[in-house]
Amino acid sequence: GGGGVGVGVGVGGGGAVRRQACDVSPLRRVNQSIYLITTGAREASFRNIKTIAECLADEVMNAAKGSSNSYAIKKKDEIERVAKSNR
């Protein structure tokens with residue numbers, strides 16, 4: 001655990017997210033989940049007639065259910081998989 005050093009996911013995602021399995025501060029987890037949800041909503045609304053609000057609502061509902069339709073859930077699973085293999 002890096003002692004909370006370095007901001008991993010800035011908006012725009014500078015690409016320097018370390019994917020080690022380390023103890024992540026609760027705030028960082030919340031920030032990351034919000035980032036993933038908003039990113040998923042933005043991507044969903046990009047090629048879509050739905051408004052960003054509708055896509056965000058869908059994304060939040062899917063994430064809350066833990067549904068694999070959720071961009072955030074898919075990403076979280078992917079990050080956890082990579083983190084496990086890095087241990």
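Which side chain meets that of Glu-78 in a salt bridge? In this predicted model, the partner of Glu-78 is Lys-75, with an N to O distance of 3.6 Å. Both residues belong to helix α3, where they sit 3 residues apart, about one turn of the helix.

**Salt bridges in α3**

The structure holds 4 salt bridges. Three of them are described here, including the Glu-78 and Lys-75 pair. Lys-76 meets Asp-77 through their side chains at 3.8 Å, N to O. The side chain of Lys-76 also meets that of Glu-80, at 3.4 Å, N to O. Glu-80 and Lys-76 are separated by about one helical turn, because they lie 4 residues apart in helix α3. Lys-76, Asp-77 and Glu-80 are thereby linked in a network of salt bridges. Side chains of opposite charge can pair when their charged atoms come close.

The relative accessible areas of these charged residues are as follows.

| Residue | Relative accessible area | Class |
|---|---|---|
| Lys-75 | 24% | partly exposed |
| Lys-76 | 37% | partly exposed |
| Asp-77 | 35% | partly exposed |
| Glu-78 | 31% | partly exposed |
| Glu-80 | 37% | partly exposed |

Partly exposed covers the range between 20% and 50% relative accessible area, so Lys-75, at 24%, is not classed as buried. Glu-80, at 37%, is likewise partly exposed because its value falls between those two limits.

**The nonpolar core**

The largest nonpolar core has 6 residues: Leu-36, Ile-37, Ala-63, Tyr-71, Ala-72 and Ile-73. Two elements, α1 (26–46) and α3 (71–86), each give two or more residues to this core. The largest share, 3 residues, comes from α3. Ala-63, another member of the core, touches Ile-37, Ser-70 and Ile-73, leaving aside residues up to four places away in sequence.

**Helix α1**

What length should α1 span? At 1.5 Å a residue, the 21 residues of α1 should span 30 Å, and the end C-alpha atoms are 30 Å apart, so the two values agree. The buried residues of α1 are Gln-32, Leu-36, Ile-37, Thr-39, Gly-40, Ala-41 and Ser-45. Among them, Leu-36 and Ile-37 also belong to the largest nonpolar core. The cover over the buried residues of α1 includes α2 (52–65) and α3.

Helix α3 thus appears in both parts of this account: α3 gives 3 residues to the core, and α3 holds the Glu-78 and Lys-75 pair.

How values were computed: Residues numbered from 1 in each chain as written. Predicted model: local features only at pLDDT ≥ 70, side-chain atom pairs only at ≥ 80, totals over all residues. Heavy atoms only, no water. Core = buried A, V, L, I, M, F, W, Y, C linked by side-chain atoms within 4.5 Å. Buried < 20%, exposed > 50% of the residue type's maximum accessible area, 1.4 Å probe, protein only. Contact = heavy atoms within 4.5 Å. Expected span 1.5 Å × (residues − 1).
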